[in-house]
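Notebook open, model loaded. I want to go through the core, a couple of loop residues, the domains and the chain contact.

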Amino acid sequence: MAETTQHMRIQHTLQQVEAENQSAPPAATPQAEAQRIMQICNACRYCEGFCSVFPAMTQYRHFNADTLDYLANLCHNCRGCYYACQYAEPHEFKVNVPQTFNELRAQSWQDYAWPGFMARAFAGNGVLLSLVCALAMAIVFIGSALLNDLPGFFSAYPDGNFHAIIPHGVMVAVAGPVFLFALFAMGMGGWAFWARGAAVSQPATLRPGGKNSGLPALLNALKDTLTLKNLSGAGHGCNDHSERFSMQRRYLHHATFYGFMLCFAATSTGTLYHYAFGWEAPHAYLSLPVIFGTVGGVLLCIGTAGLYRLKLKTETSLRSPALWGMETGFIALLFLTSLTGLLLLFLRESAAMGTLLAVHLGFVLTLFLVLPYSKMVHGVYRFLALLRFHRNTPR
Amino acid sequence: MLDAADVVVIGGGNAALCAALTARAAGASVLLLEHAPRNVRGGNSRHTRNLRLAHDAPTSVLTDSYSVDEYYDDLLKVTAGHTCPALARQVLAASRTLQPWMEAHGVRFQPSLSGTLNLERTNAFFLGGGKALINAYYATAEDRGVHIEYECEALTLKLDGRHCTQVTVRQHEQTFDIACRAVVAASGGFQGNATWMREAWGERVDNFLIRGTPFNKGRILRDLRTQGCAMLGDDTQGHMVAIDGRAPKYDGGIATRLDCVPFSVVLNQQGQRFYDEGEDFWPKRYAIWGRLVAQQPQQVGYAIIDARSLALFMPSVFPPYKADTLADLAQQMGLDPIAMQHSIRSFNAACQPGAFDPDRLDGRATQGLSPNKTNWARPISEPPFYGYILRPGVTFTYLSLKVNERAQVMWPDDHPSDNIYAAGEIMAGNIMGQGYLAGLGMTIGTVFGRIAGQEAAQHG
């Protein structure tokens, strides 16, 4: 190795040592635990083949808070490294990367939340937050419907015309700003994560000019995101609840993600129909928005129910009780949103349509409202972590 | 607990599992006895990471080719002839067929790990390491009907002449006799048996660390020796390397290695240097350093580097001691500061100018010291200073049951047992009677595990 590169490698390391010494967190925080564990992992490295976390880790010798946030968000919680770990309990090293990173990851979402005071929303009970919010929204909608036309709300509409109960304009006026705010808030969080990480997490092993250029890195990060490569191990899946490998979690997440995207496509095509072509809802069962929504809704129900079932089977040693509410609350919210959506569709010509509409829209609005303070943000940070990985890690 | 099985396999590591899977596939009822609890099952295999395979052409994880002849030459180099040529060639030739068999039984491979230079051609790495391999074999064994008992220690074989009729075992304070048609001893060496180790190696062994499982008690190894089976090697032979002195007494595994020595000055407890730290690259010297440290007072060494060398080797599992002055570092590490500083000053004064290159034998040597450091001799002068404590770490013991090509345990008159077979570390000395070749232990265990399982099922 050339003397100059060697020299740079050392310089980087020394800076990292100093940075770490200055910002050493107190013991027993998720950071301190992650730092302790990464030092052990970095001396072992048996898990390099499982996912991106370990190849990324080997680029560092010391792990400051920002590097750890990056690695924690890169972790997909596949648990391959836990079940393969010779240093897991009962070994005195007590290495447990998935659980430690799970907790650190959740803390990082609080740290990057925008606006800052909303960070406490993550710490609260997710199920409670979601359900209370959903009920509140439903009441608001029921109220407004009742005010408009009391007998009409409980009537059957032969064509299932829900806009007769809540006009299109009202829906857009309420949901639109909330959704845009959610996107903005998540964007601000992602921006903070990216900016803070970029300043300090230049790996020691990266040679000057060694960064992979933007586009290939972006495409690779997209590919990893859309295929969940990091939940596939070396092509055999991950450890859902035992030493045995399975693709269940990956496929269920695919159902959830692509189901969500199809529902989003349903809304988008519906909006396009409305404004571009003047075709107003409700649409026929075989129209694009309804097909997208139906398939997406079914996939979402299957995916979220399956993920919840897997979560219940998780070994105690891998659980983080404090995060249970946030994790299951989000899954429940997605499940209930899609389930009420499907019910609304199939009962839209009955007298229950008004009530179902209100409940469904209540869940939708809740979803939009809590989006930036829910587990949904994992998608933003995970993608950015993958992008950083592909930019920083030589292939 | 079953009271009988066609084949009883003693042990729960790689060789035992290969034997159990093979015997089961041949139609035998199989009982596997693992001394350890389930969550630390797998013997020393769970600390391994690869096995060495001969191959004629590149495979999914191995580059180029590695002929049986070249493999054999490598073996002769490390064992200095302490090998049985016929058995060695048998293992090396059979190693060519292992990868597909292992994959068919659930083992996954990966490209060689970073920091393991020059192994990508010869050694196939297990995805996730040895514990993942063990997990895969146990899952397959469960699926195929191998009966597995944990926390079950085999105590003795009941012999009728050269025929084993029963295995006596202990589980949860209760003792059972299990009738068998054949038995496979795959229960490893005795480095986990503190009493035996002290008996053989003296009290200094109390300062040694055992890199692997505490469950390798050598009970069956000793039992068969006592009953008169033929042995190879003696109790005092073991493989040791220099590892991090703060490692746990048992099961420290790979992470406790320390690669700092070539860039260090290494002192003993009196603050004196005792060997050429820069003799060669670390992978070629870590075993020698295990013995060197074992010969020092209190069996301990102190490796000192300065700021310039910190990033030149694999990160250590424990953070190094760190100080801005040598005196402070000495105090932290429990060394006499005056002796320590004197040694470092003498070393620094003996360093010569020249190019420093960690990636080759740079020939930058000290002059006038005894002993000299012959490569990478650069003054220890730039604070902060860092220190690591070295202790001998025992990898395995060499004492072995003598076996033949069918894995039968031999008797001193050169006749084989009827139905007693051995595989793995308990017989590895037949092939690797001295020294160490990375990945060969797992190859021996897999090849002989399969042979023992097949023979035990067919001829037991």
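First, the term I need: I take a nonpolar core to be a set of buried Ala, Val, Leu, Ile, Met, Phe, Trp, Tyr and Cys residues joined through C-beta atoms within 7 Å. I also keep in mind that this is a predicted model.

**Core.** I looked up the largest nonpolar core and got 238 residues. The residues with the most contacts inside this core are V7(B), V9(B), A19(B), V184(B) and A185(B). Its largest share, 13 residues, comes from helix α15 of chain A, residues 353–370. In soluble globular proteins, nonpolar side chains tend to be buried together.

I then picked A185(B) and asked what it touches, skipping residues up to four places away in sequence. My list for A185(B) reads I10(B), I220(B), L224(B), L401(B), V409(B), I420(B), A422(B) and I426(B).

**G42(B).** Next I went to the loop between β2 (30–33) and β3 (50–52) of chain B, where G42(B) is found. Is G42(B) buried or exposed? I count G42(B) as buried because it has 27 C-beta neighbours inside 10 Å, and 20 is enough for that label. Leaving aside neighbours within four places in sequence, I find G42(B) in contact with G12(B), G13(B), G130(B), K131(B) and I134(B). I checked G130(B) further: 88 residues separate it from G42(B) along the chain, and the C-alpha atoms are 8.6 Å apart.

**T256(B).** Another loop residue, T256(B), sits between β12 (238–244) and β13 (265–267) of chain B. T256(B) counts as buried too, because 25 C-beta neighbours lie inside 10 Å. Not counting residues up to four places away in sequence, T256(B) touches I243(B), D244(B), A247(B), V317(B) and G393(B). For D244(B), I noted 12 residues of sequence separation from T256(B) and a C-alpha to C-alpha distance of 5.3 Å.

**Domains of chain B.** The domain assignment gives me domain 1 (4–236 + 398–459) and domain 2 (241–393). I get 35 Å between their centres, taken over C-alpha atoms. Across the boundary, 14 residues of domain 1 are in contact with 17 residues of domain 2. On the domain 1 side I sorted them into five nonpolar, six polar and three charged.

**Chain A against chain B.** How many residues does each chain put into the contact? I found 32 from chain A and 32 from chain B. On the chain A side, α1 (3–22), α2 (30–44) and α5 (80–83) each supply at least two residues. The largest share there, five residues, comes from α2(A). By type, that side of chain A divides into 16 nonpolar, nine polar and seven charged residues.

Notes. Residues are numbered from 1 along each chain as its sequence is written. Chains are lettered from A and ligands numbered from 1 in the order in which they are written. This is a predicted model: local features need pLDDT of at least 70, side-chain atom pairs count only at pLDDT 80 or more; totals for chains, interfaces and linings use all residues. A residue is buried if 20 or more other C-beta atoms lie within 10 Å of its own, exposed if 12 or fewer, and partly exposed in between; C-beta atoms are placed from the backbone. Helices (H or I, at least four residues) and strands (E, at least two) are DSSP runs, numbered from the N terminus. Two residues are in contact if their C-beta atoms, placed from the backbone, lie within 7 Å. Ala, Val, Leu, Ile, Met, Phe, Trp, Tyr, Cys and Pro count as nonpolar, Asp, Glu, Lys and Arg as charged, and the others, Gly among them, as polar. Domain bounds come from an automatic or database domain assignment.
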